[in-house]
Amino acid sequence: MGRGYRLTALAAICAATMGLSSGVLAAERTHQITTDDFFTIGNMGNVRLSPDGKHALWLESRWDKELDKTQKDLWLIDTKSRKTSRLTFTNESESSPQWSPDGSAVYYLVKQSREDNKAPYNGKAQVFRINLGSTEAVPVTKEAEGVKQFQLSQDGKSLYFLTNKSTTDKDIWAKVRAKHGAPKYGHGKVTTNPLYKLDLDHYQQSLVLDDDKVVWNFSVNQDASQIARITTQDNELVNLEGWSNIEVYNTQSQQNKVLEDSAWREQAPSPYGWLLGLAWHEDNQRLAFRIDFDGHPGKLFVTKPQDDKAKPIQVNTEGDVTFNSSDIHWRPGSDEICYRGYDHARVKLFCSEIERKSQGDTRTVLAGDLVMGSYSFSHNGKKLAFSHNGLEHFSDLFIADAASKKAKYKRLTNINPQVDSWILPEISVVKWTAPDGSQVEGILDLPAGYKKSDGPLPLIVQIHGGPTSATPYALQHRSYGRATFTANGWALLSPNYRGSTGYGDKFLTDLVGQEHEIEVADIMAGVDHLIKQGIADGDKMAVMGWSNGGYLTNALISTTNRFKAASSGAGVFDQRLQWMLEDTPGHVINFMQGLPWEKPEAYTHGSSLTHADKIKTPTLIHIGENDQRVPLGHAQGLYRALKHYLNVPVELVVYPGEGHGLSKYQHRQAKMDWDKLWFEHYVLGKQMDEAK
């Protein structure tokens, strides 16, 4: 296991057709993957193709040990010569890059500080600009409280941006709160987002709209006649779950209109959906937007805000495809609205024709086993740039013909050349039958060169979060699991259990009302399938996950004692506590099918706390100190039960200052080290003085 091998001739030929040097790709793979390799991986996001399609830029994030965090910088590539250049070199992460309409400059957000701490160098997000051919960044805004979001006008002469303004509720208790300002209050203080317009020729700034709304997203149409916003009355995330609105402001009449929402509220499978993604068609009339729900399929709508008689068109996916992410775009020069979708552990780009009153044909833009990230069209809509994570590489930039029905794509970058020498896991899609007869899939990672004749392997079940998500069919080296373990001789199964996306609406919604039951059965059926196939050793198994993967880790160890070790990361232990404390309680209400006092039995059954007396598995618990999504109390409760009442080996690892994910270098490293040593000790029987 883990032996070196050379790329096959076919693989080398395929890779060469994607624009890579066959000489580089034919290099011998001799490097065994380690946890330290995780910190060498660059990730690509926010791909933006220039208006003429001759250049593309992206944000590349990499770990910086001295800064103890990931660092994002802007990179640029000439799509013809493939010459790349790094544009930014700050210690702060750039974000939200946009091309100027003429392609001469790049605008972006970044926080920078200087000794005097005055705007624009006051540590608040400001808009900066870099002209093409230069690396000198010029500040464009200087807002005392920073910029939340920005957009360039179609002619490039104006910059629209949201600022931050603190306001207080004007209720009968406002004066009392103001008098006693030291305590923190549950509500009363709100940060709203006025919208401004900056004339880039004369740098004159004017207020466009300030109505004391919290604005989560905005979009100006091409002739600047209408501005769409997603708004709430306060900053609480719970208000995105059913209380957010889409408003459209007419800049000529100065009238603001809240869109009638019955199509995505009363007529939706759940009232707890959050709005996201705004995209105007170039006709300046049609607005597309998305809404997502925990436990239910997301939706995409197209509407004409100024036409009171027009009903919104709901765009439907085909087959088992589920909407993925908020980045919806109209393909320029067409009536196609384009979006990414999960499809059986792949992520593909789809475009649907929008006719006058209905949806027309939908096409899959690119065929193949793609796991697409961000994407962008050229100004004429003929070229497409996108990031893609494959089986032998992490995210890289690709380019394709956007309009062709049989478009081919070409790889332009190799931002992680070190991977060319790595001994990669063998990744496949494995299928099995659940106890109720349903077909379930998962991603199986095996050590390089493994054959069944080598005998069964110790198994790690790595469970994705969400649960309204899926593990992709792609190479991954994550602190939450995957490539490191196969390099050390483990098999690793990532099940896309019931409730996962990309397997059809029924597969997704089957989980509602059946948490802690149906998905547990799905996962264990997959484990038994691997044991029956002779791949997994049923006496040497571990389970791990983060977020909903942590919840399911808790559920599995409270259901079965077949796992010899567990790593529970940010996992729910009690559903009532989760409803009380988390920032998105609609998630719990959806899956429990009601409030705690309406469905007490569901909350009891869906909580691992209820079944905790059955836990015998040595459990490693990870949690961020300031996690708002799965608060610290869950980890403390699980630890208390195992340590003080059930006498089960347990370790609680609390990461200072962290939220729902681990953002610090040292914390990611600690988690991976703990998981490796914990599993080796309790599953493989290694003594701590043997562990490395």
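**Sheets, a buried serine and side-chain pairs in the predicted model**

An open sheet of eight strands, with mixed pairing, follows the order β31-β32-β36-β33-β37-β38-β39-β40; here helices (H or I, at least four residues) and strands (E, at least two) are DSSP runs numbered from the N terminus, and two strands pair if DSSP finds at least two bridges between them. Strands β31 (426–433) and β40 (650–655) stand at the edges with a single partner strand each, so one side of each has no neighbour in the sheet. Direction ignored, neighbouring strands of this sheet are turned by 20° against each other on average; axes are lines fitted to C-alpha atoms, for helices over the stretch in contact, and angles run from 0 to 180 degrees between N-to-C directions. The model is a predicted one, in which local features need pLDDT of at least 70 and side-chain atom pairs count only at pLDDT 80 or more, whereas totals for chains, interfaces and linings use all residues. Residues are numbered from 1 along each chain as its sequence is written, and side-chain values use heavy atoms, with hydrogens and water left out.

Within the eight-stranded sheet, strand β38 (residues 565–569) and strand β39 (residues 619–624) run parallel and are joined by four bridges, and Gly569 stands opposite His622 in β39. Helix α6 (residues 518–532) packs on the sheet, where it touches β31, β32 (439–446), β33 (457–463), β36 (491–496) and β37 (536–546), contact meaning heavy atoms within 4.5 Å; the direction of α6 makes about 115° with that of β31. Helix α11 (residues 632–645), in turn, lies across β38, β39 and β40 and runs at about 160° to β39.

A further open sheet is formed by four strands in the order β15-β16-β17-β18, with antiparallel pairing. Its edges are β15 (214–220) and β18 (255–258), each of which has a single partner strand, so one side of each is left without a neighbour in the sheet. From one strand to the next, the twist averages 25°. The antiparallel pairing of β15 with strand β16 (residues 226–232) extends over six bridges, and Val220 stands opposite Ile227 in β16.

Ser558 is found in the loop between α7 (548–557) and β38. With a relative accessible area of 2%, Ser558 is buried, where buried means under 20% relative accessible area, exposed over 50% and partly exposed in between (1.4 Å probe, protein chains only). Residues up to four places away in sequence not being counted, Ser558 touches His516, Ser608, His611, Lys614 and Ile615. The side chain of Ser558 also reaches the backbone oxygen of Ala555 at 3.0 Å. Between the C-alpha atoms of Ser558 and Asp574, which are 16 residues apart along the chain, the separation is 12 Å.

The structure holds 32 salt bridges, a salt bridge being a side-chain nitrogen of Lys or Arg within 4 Å of a carboxyl oxygen of Asp or Glu. In one of these, the closest N and O atoms of Arg62 and Glu60 are 2.8 Å apart; Arg62 is partly exposed, with a relative accessible area of 28%, whereas Glu60 is buried, at 5%. Asp343 and Lys348 meet through their side chains in a salt bridge of 3.9 Å, N to O, and both residues are buried. The salt bridge between the side chains of Arg629 and Asp583 (2.6 Å, N to O) links distant parts of the chain, with Arg629 in the loop between β39 and α11 and Asp583, 46 residues apart from it, in the loop between α8 (575–581) and α9 (586–592). Arg629 is partly exposed, with a relative accessible area of 31%, while Asp583 is buried, at 16%. Asp436, Arg498, Lys506, Asp510 and Asp522 are joined into one network by salt bridges that share partners.

The structure also holds 25 aromatic pairs, for which rings of Phe, Tyr and Trp (its six-membered ring) must have their centres within 6.5 Å, planes under 30 degrees apart counting as stacked, over 60 as edge-to-face and the rest as tilted. Trp63 and Tyr665 form an edge-to-face pair, 6.0 Å centre to centre with 85° between the planes. This pair links distant parts of the chain, Trp63 lying in strand β2 (residues 55–64) and Tyr665 in helix α12 (residues 665–682), 602 residues apart. Both Trp63 and Tyr665 are buried, and they form one aromatic cluster with Phe38 and Phe39.

Key. A polar contact is a pair of N or O atoms within 3.5 Å; within protein, one must be able to donate a hydrogen and the other to accept it, and residues adjacent in sequence count only if both atoms are side-chain atoms.
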